[in-house]
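Got the viewer open? Here is a short tour, one selection at a time.

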Amino acid sequence: MKKVKIALMALVLVLLIAFPLFDSNLYHQQLMNQVFVNIIVVMGLNFITGLTGQMNLGTAGIFALGAYGSALMCTKLGTPVWLGFPIAIVIGFLIGRGLGYPSLRVKGVYLSLTTIGFSEVVRLILTNAIDFTGGSQGVQNIPFLNLFGFEFNTPFKIYYLYFALTIIMAIAAARIVSSKWGRVFKAIRDNSDAVEACGIDVANLKILAFTMAAVYGCIGGFLYTHMMGYINPTAFNQDLSVNYLVMMMIGGIGSVAGNVLGAVMVTLLPEILRFMQNYYWLIFSIITLIFAVFLPYGIVSLFKKSERQERHFDIFHSIKKAREIWGGRIAK
Amino acid sequence: MKTILRTENVVKNFSGLVAVRDLSFEMAERNIHALIGPNGSGKTTTINMITGAFPVTSGRIFYGDTEISGMPTYQIARLGIGRTFQNLKLFHSMTVMENLMVGGHQMMPAGIFRFLVDPAKSRQEEKQVEEKAKQVLDFIGMYDLKDEKVSSLPYGRQKMTELGRALMMDPKLLFLDEPAAGLNPSERVEFVNIMLKTFDLGIDLFLIEHNMDVVMNICSRITVLNFGAKIAEGTPDEIKNNEEVIKAYLGNRYQAEKA
């Protein structure tokens, strides 16, 4: 089983490396870059909402601050583009602490409420502080990323950079999920009173999970900005936050592989359905609904042995039961 | 004898309803102390106040010489006070092993940054906790079940898992809220044996229990509550023959059976 898994992952890796060499369509490459950005953001959201069970509805605000932070630094102050990366981490850290500290030390839905508010406040400031952010015109002519004089100025070049970054961040996320951190986050979701009784500072851990979500979100925003070259505040509305939640739920809550699958599916499926023209969003929503009903543990549960066994067990059990009942009646 | 736990005039009001009134008692070291009383007499509320789950309305609670009333739950736990819950509070999406390892989380001090840059250190920490968890599993006799999901275990095993999780942090004083409730007679015997073994490890026990066989046989001191107030305190023999306790809780039949 493990060998099959490794072989499968190697195959996917090779296919992904080869993809832009065989598909030179710039739009397709750009879409894949968008997928990478989304994967990073969803992996972050997974820490706080997927594992720790605290509903974060402010991903759009976090993402927007990451994006604008770097964009404004480059265009207004002329700082080197790579500096946006550490800046994104710092912004993420500040959001995580600043918003997490007041809203996560108390129990309940406060994180959902404060994050919705935060997200809207960020969007309104970005729209209305025209002198500083360009208002609804957005920020234009954002430079591409460059490293050691090499400019990532085509979707083809960006693809490999973002691919590598996504892998690094996915490995970090997977390690956290399978470590003591992931374990204690899940424990908080299951029963925070019991975690507290084990001598663990629950509030502090929730803030940590939220801070990591914010850092991942801001890095996602930073990558998005330098991929698009142009951003405006209308993109960062509540729909975006919900979209990331949908990705997490469709893929499989709590697992990094699930996050990846969810981000891929929710980003690419609408594009694949484009040929349906006016109906594509309707069809996409229906497909999403079907997934939510029939795969409540996400796409990733199809690949997980234990959950599949449980389900099969149920089916076989009911078939056996039915046979016994009906067989008995027929024999009579 | 040194006192390990002392409450002074502790009061708990739930917006007008007095759950615990003016409760003062002492628990000596190396003791199995029981808190008994009719339903709704404030036993669990008392434990919740001691372990920090509820703040006290007034009064003070001391653990050794440290005042613990007003401290957050996790800090009280870190002082060496473990507990189990009346209605199990397990991490049901996880295995027995993982449940225990959450109990040992405090053994792993490395921060998140250290964890990301130093995989060797984190692996070593993880191994230590795993070792410890295996010892505890051996102790409670659940080593074979370590990879089972707790939600798929029978009630008695779940209770035992909770005890194991509490043992993971090496408490000095362990609160058990109705440990024998819901167990069948053989499970109860097993649980009592484990409790006695735990006591022999040097862990003092404080239990709430309705099963008089358990209470009278293993406890050395008993405090009786009724309507949130202490009505008696003493050795099992004294309690058995206390008129007020018989009237409020044990009932005449209990005395008749014992006589």
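**First stop: an open sheet in chain B**

Select β2, β1, β4 and β5 of chain B: these four strands form an open sheet in the order β2-β1-β4-β5, with antiparallel pairing. Strands here are DSSP E runs of at least two residues, helices are H or I runs of at least four, and both are numbered from the N terminus. Two strands count as paired if DSSP finds at least two bridges between them. Before going on, note that this is a predicted model, in which local features need pLDDT of at least 70 and side-chain atom pairs count only at pLDDT 80 or more, while totals for chains, interfaces and linings use all residues. Residues are numbered from 1 along each chain as its sequence is written, and chains are lettered from A and ligands numbered from 1 in the order in which they are written.

Which strands stand at the edges? They are β2 (17-28) and β5 (66-67) of chain B, each with a single partner strand, so one side of each has no neighbour in the sheet. Zoom in on β5(B): two bridges join it, antiparallel, to β4 (residues 58-63) of chain B. Here B:F62 stands opposite B:E67.

**Next: strand β8 of chain B**

Now select residues 204-208 of chain B, strand β8. Five of the five residues are buried, so the strand is largely enclosed by the rest of the structure. Buried means that 20 or more other C-beta atoms, placed from the backbone, lie within 10 Å of the residue's own; exposed means 12 or fewer, and partly exposed is in between. Turn on the side chains: B:D204, B:F206 and B:I208 point one way, B:L205 and B:L207 the other.

Add the partner strands. β3 (residues 32-36) of chain B runs parallel to β8(B), joined by four bridges, and B:L35 stands opposite B:I208. β7 (residues 173-177) of chain B also pairs with β8(B) in the parallel sense, over five bridges, and this time B:D177 stands opposite B:I208. Follow the chain from β7(B) through helix α7 (residues 185-200) of chain B to β8(B), and you trace a right-handed β-α-β crossover. Right-handed means that, with the strands pointing away from you, the path from the first strand over the helix to the second runs clockwise.

**Zoom out: the whole of chain B**

Show chain B alone: it has 11 helices and 10 strands. Its C-alpha atoms fill a box of roughly 65 × 40 × 35 Å along the principal axes. Of the 259 residues of chain B, 40% count as buried.

**Across to chain A**

Bring chain A back and look at where the two chains touch. The contact takes 21 residues from chain A and 28 residues from chain B, where contact means C-beta atoms, placed from the backbone, within 7 Å. On the chain A side, select α8 (180-190), α9 (192-197) and α10 (202-228), the elements that give two or more residues. α8(A) gives the most, with seven residues.

**Last stop: A:P86**

Finally, pick A:P86 in helix α4 (residues 84-104) of chain A. Is A:P86 buried or exposed? A:P86 is exposed, with 10 other C-beta atoms within 10 Å. Draw a C-alpha to C-alpha distance to A:S70: the two are 16 residues apart in sequence and 9.6 Å apart in space.
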